[in-house]
Amino acid sequence: MKVGDLVTFCPESWGTPIEDRPIGVVVQMGVDSSVSQPDWDKGFRMVTVLFPTDDIPYSSKAKDFEVVNENW
């Protein structure tokens with residue numbers, strides 16, 4: 001996952017089929033300061049996603065999202 005990727009919520013975090021989940025753009029990546037460095041690549045990296053229907057970006061752990069534009 002990187003800035004500019006299109007993402008949607010993972011089934012575990014949203015609970016609906018992919019066509020019912022909103023698609024957003026990753027606008028920022030960071031690190032959850034409460035997690036040790038070796039765990040960063042295990043999905044504890046923080047991402048900020050902007051959804052077209054919202055004016056306010058949404059921040060959560062990377063493991064809560066899945067990339068939907070894998071081939072770019």
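Which residues does Val47 touch, not counting residues up to four places away in sequence? In this predicted model, Val47 touches Met1, Gln28, Met29, Tyr58, Ser59, Ser60, Lys61, Ala62 and Phe65. Val47 is also one of the eight residues in the largest nonpolar core. From there, the briefing turns to the core, then to the aromatic rings, and ends with a buried arginine.

**The nonpolar core**

- Eight residues make up the largest nonpolar core: Val7, Phe9, Val26, Val47, Val49, Phe51, Ala62 and Phe65.
- Two strands, S1 (6-9) and S3 (45-50), each supply at least two residues of this core.
- Among the core members, Ala62 and Phe65 are also touched by Val47.

**Aromatic pairs and their cluster**

- Searching the whole structure turns up four aromatic pairs.
- One of them joins Phe9 and Phe51 in a stacked arrangement, with 5.5 Å centre to centre and 10° between the planes.
- Because Phe9 lies in strand S1 and Phe51 in the loop between S3 and strand S4 (58-61), this pair ties together parts that are 42 residues apart in sequence.
- Are Phe9 and Phe51 buried or exposed? Both of these residues are buried.
- Phe9 also pairs with Tyr58, this time edge-to-face, at 5.6 Å centre to centre and 70° between the planes.
- That second pair links distant parts of the chain, with Phe9 in strand S1 and Tyr58 in strand S4, 49 residues apart.
- The two partners sit on either side of the 20% cut-off for burial: Phe9 has 7% relative accessibility, so Phe9 counts as buried, whereas Tyr58 has 38% and therefore counts as partly exposed.
- Phe9, Phe51, Tyr58 and Phe65 come together as one aromatic cluster. Of these, Phe9, Phe51 and Phe65 also appear in the list of core residues.

**Arg21, a buried charged-type side chain to look at**

- Where is Arg21 found? Arg21 belongs to the loop between helix H1 (11-14) and strand S2 (23-31).
- With 8% relative accessibility, Arg21 falls under the 20% limit and so counts as buried.
- The Arg21 side chain reaches the backbone oxygen of Thr16 at 3.0 Å.
- Leaving aside residues up to four places away in sequence, Arg21 touches Thr8, Phe9, Cys10, Pro11, Trp14, Thr16 and Glu66.
- Phe9 therefore links the topics of this briefing: Phe9 is a member of the nonpolar core, part of the aromatic cluster and one of the residues that Arg21 touches.

Conventions:
Residues numbered from 1 in each chain as written. Predicted model: local features only at pLDDT ≥ 70, side-chain atom pairs only at ≥ 80, totals over all residues. Heavy atoms only, no water. Core = buried A, V, L, I, M, F, W, Y, C linked by side-chain atoms within 4.5 Å. Buried < 20%, exposed > 50% of the residue type's maximum accessible area, 1.4 Å probe, protein only. Helix = DSSP H or I, 4+ residues; strand = E, 2+ residues; numbered from the N terminus. Contact = heavy atoms within 4.5 Å. Polar contact = N/O pair within 3.5 Å; in protein donor to acceptor, adjacent residues only side chain to side chain. Phe/Tyr/Trp six-rings, centres within 6.5 Å; stacked < 30°, edge-to-face > 60°.
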